[in-house]
Amino acid sequence: MKPPSGPEEARRQASDISVFASSCTLHGLGHVFGPGSLTPRRGLWAVAMLLSMAAFLYQVAERVRYYGEFHHETALDERESPQLTFPAITLCNINPLRRSRLTPNDLHWAGPTLLGLEPSEHAAFLRALGQPPTPPGFMPSPTFDMARLYARAGHTLEDMLLDCRYRGQPCGPENFTAIFTRMGQCYTFNSGTDGAELLTTPKGGTGNGLEVMLDVQQDEYLPVWKDTEETPFEVGIRVQIHSQEEPPTIDQLGFGAAPGYQIFVSCQQQQLSFLPPPWGDCNSASLDPDFEPEPSGPLGPPSPSPGPSPPYSLMGCRLACETRYVARKCGCRMMHMPGGAPVCTPQQYKDCANPTLDAMLRKDACVCPNPCAITRYAKELSMVRMPSRASARYLARKYNRSEAYIAENVLVLDIFFEALNYETVEQKKAYEVSELLGDIGGQMGLFIGASLLTILEILDYLCEVFLDRVLGYFWKRKRSQRNSSTNLLQEGLGSHGNQVPHLSLGPRPPTPPCAVTRTLSASHRTCYLVTRL
């Protein structure tokens with residue numbers, strides 16, 4: 001047989017390790033698999049290559065492990081803006097109910113819950129309120145709505161708001177939205193509800209924000225009858241500055257403003273961005289405060305609501321979680337809670353809702369991750385006494401009150417941006433995929449002198465080895481079987497041709513009617529027709 005040549009010889013050379021090593025860009029491979037026998041020099045090169053490969057694989061494993069830990073870093077920056085959206089301002093009078101609006105029916109239903117009154121103490125409490133005693137034959141109403149009580153007997157903004165200006169322009173109660181909180185009925189400025197356009201400001205400093213003059217109405221405060229958890233001892237207004245997406249939790253996060261002072265509140269907007277899993281734990285799912293009758297697991301973030309719902313916020317998640325917990329335990333919700341459950345009665349407030357909510361807050365049963373984007377406001381407060389001696393008489397004459405009443409009940413609240421800049425606190429991925437690939441490429445070049453094209457060369461060599469060693473084996477076996485059959489056929493034809501007689505000039509005998517059959521192999525039978533010339 002002839003030695004292989006052409007494409008077969010080229011393929012065999014391509015699969016030869018010495019040929020590949022001499023042209024591969026992987027450093028040191030040519031010294032290990034070069035021509036010749038094994039020498040100490042070749043052994044040292046092999047050891048060096050193995051050590052370099054081990055170091056490279058160790059570094060790659062470390063980089064992949066570090067990437068799998070999903071580290072993040074926090075970047076703090078300060079940016080300028082031509083204008084800023086003014087925050088929502090929620091105001092609550094510390095006194096939840098006005099004494100002049102309470103009725104014997106209110107005391108019958110809500111007296112034990114809100115004031116700790118026993119039925120026998122109603123007459124004395126009415127005398128303390130300056131109201132007549134309960135008339136004979138009094139019959140309480142069959143039902144009672146706590147939300148209606150606070151809406152009717154709570155302080156109204158029309159009575160408290162003496163003056164209002166935003167950026168020097170007059171404003172009024174129509175610019176506020178009534179909202180229920182755990183402190184009762186409150187009012188939010190620039191809430192953005194019902195599609196209202198959010199107010200912006202193009203300047204910082206006093207005079208470029210909200211300035212309100214409020215009357216706390218101390219003469220309407222309820223007398224302290226007993227020392228209970230809900231009994232307020234202070235006087236003034238609770239204020240919370242928050243974003244429009246976040247429901248107010250003024251009982252926890254509000255600051256106080258006392259009468260007889262003008263309070264200056266300088267704000268700075270802060271925008272916080274957090275990463276979702278696996279780098280962080282933020283969530284952006286919408287809220288669904290409605291509860292499941294029989295939950296299957298521990299309380300957590302509410303499931304997304306199919307309809308329109310407010311954007312996710314940390315306080316909104318906690319409020320929805322509290323709503324579901326109270327509704328599940330008591331079959332009702334508190335008046336400041338969202339959702340479709342009925343509002344609790346005063347007796348349900350006393351027996352179930354308040355104890356359940358307090359116990360839940362102590363256990364911290366709600367699991368609420370941070371939202372992926374938060375807007376909050378840093379505050380700096382300063383205050384001065386008011387009114388001055390020079391202005392007390394003027395204010396008393398303007399609002400038809402005495403100077404003592406102005407000093408004990410009136411306050412001024414001035415809220416503004418310090419400057420038109422805001423802080424950004426942003427979580428970023430500490431290790432990106434591009435950095436991982438860059439580190440792997442750097443380690444590959446440092447330890448083994450390879451690149452991405454070197455990997456392609458190795459893959460190409462392995463493909464050539466597969467074609468030559470594996471597929472080539474089957475091709476050779478098939479070719480040898482084909483050559484064996486051809487040789488046997490030629491041998492049969494040659495041996496039969498030797499038996500044909502020489503030509504003669506005599507008469508041609510008749511051609512025999514049969515053919516000569518010769519068996520070439522065990523599996524092939526060939527019949528040849530021999531014609532005598």
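Among contacts between residues at least 6 apart in sequence, 75% join residues at least 24 apart. This holds for a predicted model of 533 residues, 38% of which count as buried. Its secondary structure comprises 15 helices and 16 strands. The protein exposes about 30900 Å², and carbon and sulfur atoms supply 56% of that area.

The largest nonpolar core contains 38 residues. Ile89, Phe176, Leu210, Leu413 and Ile415 have the most contacts inside it. Strand 14, residues 410–429, gives the most to this core, with six residues. Ile415 was examined further. Leaving aside neighbours within four places in sequence, Ile415 is in contact with Phe86 and Ile89. Its other partners are Gly209, Leu210, Val239, Ile241, Val265 and Cys267. Another core lies apart from the largest one and has 29 residues. Cys330, Met335, Cys352 and Leu357 are among them.

Helix 11 spans residues 346–363. Its 18 residues reach 24 Å from the first C-alpha to the last. That is close to the 26 Å expected at 1.5 Å a residue. The helix is nonetheless kinked, by about 35°, at Ala353. The proline Pro355 follows shortly after the kink. Ala353 itself is buried. So are Pro346, Tyr349, Cys352, Asn354, Thr356, Leu357, Asp358 and Met360 of helix 11. Two of these buried residues, Cys352 and Leu357, also belong to the 29-residue core. The buried residues of helix 11 pack against three helices: helix 5 (104–115), helix 7 (146–153) and helix 10 (314–330). Just after helix 11, Asp364 takes a positive phi of about 55°.

A polar side chain was considered next. Gln185 lies in strand 7, which covers residues 184–189. Is Gln185 buried or exposed? Its relative accessible area is 17%, under the 20% cut-off, so Gln185 counts as buried. The side chains of Gln185 and Tyr187 are joined by a polar contact of 3.0 Å. Not counting residues up to four places away in sequence, Gln185 touches Tyr150, Ala151 and His155. Ala178, Ile179 and Phe180 are also touched by Gln185.

Methods. Residues numbered from 1 in each chain as written. Predicted model: local features only at pLDDT ≥ 70, side-chain atom pairs only at ≥ 80, totals over all residues. Heavy atoms only, no water. Helix = DSSP H or I, 4+ residues; strand = E, 2+ residues; numbered from the N terminus. Buried < 20%, exposed > 50% of the residue type's maximum accessible area, 1.4 Å probe, protein only. Contact = heavy atoms within 4.5 Å. Areas by Shrake-Rupley, 256 points an atom, 1.4 Å probe, with all protein chains shown as cover. Core = buried A, V, L, I, M, F, W, Y, C linked by side-chain atoms within 4.5 Å. Expected span 1.5 Å × (residues − 1). Bend = angle between axes of the 7 residues up to and from the residue. Polar contact = N/O pair within 3.5 Å; in protein donor to acceptor, adjacent residues only side chain to side chain.
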